[in-house]
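Please look over the following notes with the sequence and the structure open. They are set out as numbered points.

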Amino acid sequence: MEELDAEPPVMVVPGADPSSRQLCFAWGPAEVLLCETRFDRTGRSPASRVFVVRKDQDIYIHTLRKLFNESHGIFIGLQRSEEELAGKSRKSHLVQVSKNYRSVIRACMEDMHQAVSILSAMELIWNLCEILFVEAAAAGPLLLRLLDWVRLHVCDVDNMVREVLSSEDPSKHELFWNLNNTQTLTEMELKWQHWHEECQRYLQDGTFASNSHTESICKILLGDEDAILEKKELMTTWYHFLVTRLLYSHPTVKPMELRFYAQSSMDLFLGGECSPEPLDTILMAAFEFEIHQVIKECSIALSNWWFVAHLTDLLDHCKLLQSHNLYFGSNMREFLLLEYASGLFSHHSLWQLGVDYFDHCPEYGRVYLELHIERIPLNTEQKALKVLRICEQRQMHEQVRSICKIMAMKALRNNRLGSALSWSIRAKDAAFATLISDRFLKDYCERGSFSDLDLIDNLGPSMLLSDRLTFLGKYREFHRLYGEKRFSEAARLLLMLMTAHIAPCSFWMTLLTDALPLLEQKEVIFSAEQTYELMRCLEDLTAGKSEKQKFQDDNVETMKVEMLRLALARNLARVIVKEGTLEGS
Amino acid sequence: MVSVINTVDTSHEDMIHDAQMDYYGTRLATCSSDRSVKIFDVRNGGQILIADLRGHEGPVWQVAWAHPMYGNILASCSYDRKVIVWKEENGTWEKTYEYTGHDSSVNSVCWAPHDYGLILACGSSDGAISLLSYTGDGQWEVKKISNAHTIGCNAVSWAPAVVPGSLIEQPSGQKPNYIKRFASGGCDNLVKIWKEEDGQWKEEQKLEAHSDWVRDVAWAPSIGLPTSTIASCSQDGRVFIWTCDDASGNSWSPKLLHKFNDVVWHVSWSITANILAVSGGDNKVTLWKESVDGLWACISDVNKGQGGVSAVAEGQQNEQ
């Protein structure tokens with residue numbers, strides 16, 4: 001268990017006066033709010049500023065966007081590819097994945113000019129980790145890889161090496177450089193020993209005594225530290241020095257021996273003048289094969305989670321992380337991926353990448369996704385549908401309902417009743433569907449026509465979501481039937497709406513008024529029984545009104561009722577005759 | 001690891017007491033001793049004043065955004081004993097409801113989880129807690145818990161909605177049987193947990209550990225674990241983390257997060273509940289995370305383990 005470290009880093013809020021203010025704090029979905037206040041509510045001071053604070057990763061998102069996008073595909077590929085491979089082919093696959101990540105970093109370096117230094121630091125570290133951990137280069141190839149590594153990253157390419165190659169005994173050197181596959185480590189060591197002894201003899205014989213320059217080269221070739229150190233200015237870094245040293249003194253260095261040489265190289269190179277920088281500490285931890293330390297130091301030094309999240313995931317696939325008793329969170333890989341993915345949700349489009357990362361966090365990924373996905377602003381219908389699809393695919397029913405309700409409310413506020421209705425049907429929100437149906441009906445009463453006919457006509461079984469919605473659907477059906485001149489069907493439906501109490505009482509007057517044209521058709525539509533029913537409905541309606549209501553009814557209302565009574569009576573008369581006549585004949 | 005990305009000049013004429021982001025981080029609501037509530041559009045680093053809401057007759061202590069499925073709704077509470085619910089209708093913000101049933105300053109308002117409907121809990125210096133529920137058609141129903149805390153109630157915080165028993169999707173139209181709970185903190189030095197039973201609110205638990213007024217309580221969001229967690233802070237300078245392991249909510253045990261040198265005024269949880277923010281009289285806001293072995297640590301440089309968020313402090317003038 002790691003020890004608690006000393007002081008948390010402090011972020012200072014600019015320009016605030018500590019003697020008169022305290023800090024009020026609130027969490028936003030992606031940011032944090034601070035404002036100056038006094039909690040004891042005393043004192044009068046116009047403290048009127050609110051600070052919006054964000055994690056640096058979120059700010060970095062814009063610069064590193066390409067990196068995040070491209071690496072996402074590599075990450076997903078890695079999660080899915082694992083199962084089939086084993087042994088050597090697995091290792092080479094993992095090395096390839098590592099190289100892919102690095103090439104993405106380099107590609108971004110070419111594209112972007114701002115973040116180049118941090119990207120090149122990331123590539124430097126990743127490359128070293130690839131050599132030491134993923135590929136786990138053994139003694140022999142190890143030094144070659146380290147040479148490549150230094151060459152790739154140090155601008156001032158190995159001048160020493162150039163000098164060596166152009167010096168007097170190229171043949172001798174060829175022996176040394178000729179590390180092909182047929183040579184085993186022991187063979188190489190023997191050859192090198194032999195060559196080393198020869199060089200030593202030349203030096204002692206004084207062969208180079210006349211030329212101090214050549215003499216110094218010889219000393220370097222022999223791995224004389226002081227001689228190499230003299231040329232310090234040609235090497236830009238201590239790890240450049242390290243690799244050079246190893247090249248000339250211990251080319252068959254074993255991985256586990258690296259730590260000693262690394263530490264002494266750093267000490268010798270820096271000479272106690274300057275203290276190691278974060279990058280140095282990270283590289284040192286890598287040379288010491290302290291993987292957890294590498295990850296920790298990287299987390300501190302790099303202000304974005306991208307690097308540690310992806311590298312740790314890769315190392316986890318290499319089975320290099322034991323189930324570590326992590327200080328925060330249960331599993332280091334998952335912890336870092338959760339942090340990284342959470343950060344992506346603050347971005348208007350990169351959040352979609354975050355979804356995939358959460359999917360591959362078995363313990364908390366789902367709940368984190370649930371909590372974050374609800375906070376994505378649903379600015380457009382398109383975006384809402386995208387978010388919905390993601391939730392539906394993962395059976396996140398609560399979130400689906402919640403989003404549909406939000407969209408329904410938005411549509412209603414913008415008077416888009418059709419859209420509001422379809423959203424509330426999707427949300428299975430009976431209460432809201434009732435509300436919107438009422439609005440539709442109200443609109444009809446005011447304007448005499450329906451909007452969004454298509455939607456209402458095609459409700460299908462979702463009509464049953466709420467009684468009011470059912471009524472709306474059926475009422476519209478009545479109008480359709482009437483429009484198609486299927487009068488007797490229409491009449492039947494109209495009556496049923498009242499007798500089956502599908503229609504709310506408040507709407508009965510409208511329905512009865514709708515019956516008028518049917519009653520006044522040349523042809524008799526309502527049967528006697530139906531007419532009696534209608535009359536009963538009308539009486540129920542008028543009887544149900546209180547005295548006060550009757551008093552308040554204006555002339556139009558009264559006239560309507562009178563007209564209805566008249567029409568019903570006339571219809572009854574006609575139908576009795578008609579039915580009586582038929583019976584008679 | 002953090003930077004200020006936007007400074008909103010609210011132009012409040014007096015002390016700000018609360019600032020809250022809406023659900024999506026697109027709008028900011030602030031309230032002040034100048035009796036107003038202001039709403040800003042803060043998208044893309046901007047700060048456009050959308051509304052300047054007047055209606056309170058005294059300093060406004062807190063604001064709270066309702067869930068967006070109910071529309072754009074904001075609640076505010078004030079020294080003037082009123083709770084006002086504001087709503088955006090046709091592009092303008094208006095008062096939609098005013099509750100004046102408290103006898104003293106209303107200190108805290110908190111909206112219930114959206115699953116329960118549109119319900120607002122309010123804590124007041126008159127010792128009562130009122131629960132305002134929207135029943136439709138512009139109507140609100142009020143339930144009052146009198147004498148919830150002697151001398152006064154300072155804070156209320158709802159428990160996350162958790163459907164008891166099965167997680168199978170309910171047939172449409174049928175509401176799952178939620179057990180509604182919330183926590184409150186008061187001048188009786190207590191944290192209390194309230195539970196709704198048969199339409200009545202009953203005191204379920206009394207959590208005693210503080211030796212002075214409890215200033216704030218915060219119930220942590222649920223991350224799917226069976227445990228419940230509440231943070232409380234007090235004039236006694238202590239912050240406690242209360243946890244309850246069993247579903248019946250019977251045994252709560254406190255753990256001391258830290259003893260500060262001054263009054264601790266506010267505690268709040270991040271949305272995934274992994275960080276607790278504590279603001280105190282010592283002019284600092286500190287951020288805390290829980291470790292695997294249950295110890296709470298102030299997140300430092302990530303040396304402590306991949307935490308990554310720092311403590312935030314007031315600055316000296318002219319310092320960057």
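1. Chain A holds 29 helices and four strands; helices (H or I, at least four residues) and strands (E, at least two) are DSSP runs, numbered from the N terminus. This is a predicted model, in which local features need pLDDT of at least 70 and side-chain atom pairs count only at pLDDT 80 or more, while totals for chains, interfaces and linings use all residues. Residues are numbered from 1 along each chain as its sequence is written, chains are lettered from A and ligands numbered from 1 in the order in which they are written, and side-chain values use heavy atoms, with hydrogens and water left out.

2. Of the 585 residues in chain A, 51% are buried (buried means under 20% relative accessible area, exposed over 50%, partly exposed in between; 1.4 Å probe, protein chains only). The exposed surface of chain A comes to about 27300 Å², with 52% supplied by carbon and sulfur atoms; accessible areas come from the Shrake-Rupley method with a 1.4 Å probe, and for residues only the protein chains shown count as cover. Among contacts in chain A with a separation of 6 or more, 63% join residues 24 or more positions apart (contact means heavy atoms within 4.5 Å).

3. Helix 11 of chain A covers residues 238-249, and its end C-alpha atoms are 16 Å apart, in agreement with the 16 Å expected for 12 residues at 1.5 Å a residue. The expected span is 1.5 Å times one less than the number of residues. Because 12 of the 12 residues are buried, helix 11 is largely enclosed by the rest of the structure. A:R245 is one of these buried residues, as are A:W238 and A:H240.

4. In chain B, an unreviewed UniProt entry gives the annotation "repeat: WD" to residues 9-50, 53-96 and 207-242; such annotations may be inferred rather than shown by experiment. Residues 9-50 are 0% helix and 52% strand, with end C-alpha atoms 13 Å apart. For residues 53-96 the figures are 0% helix, 59% strand and 12 Å.

5. B:Y23 sits in the loop between strand 2 and strand 3 of chain B and is buried, at 16% relative accessible area. Which residues does B:Y23 touch, not counting residues up to four places away in sequence? They are A:P29, A:E374, A:R375, B:H67 and B:P68. The side chains of B:Y23 and A:E374 make a polar contact at 3.3 Å.

6. B:T26 lies in the loop between strand 2 (16-21) and strand 3 (27-32) of chain B. B:T26 is buried, with 16% relative accessibility.

Definitions and conventions:
Polar contact = N/O pair within 3.5 Å; in protein donor to acceptor, adjacent residues only side chain to side chain.
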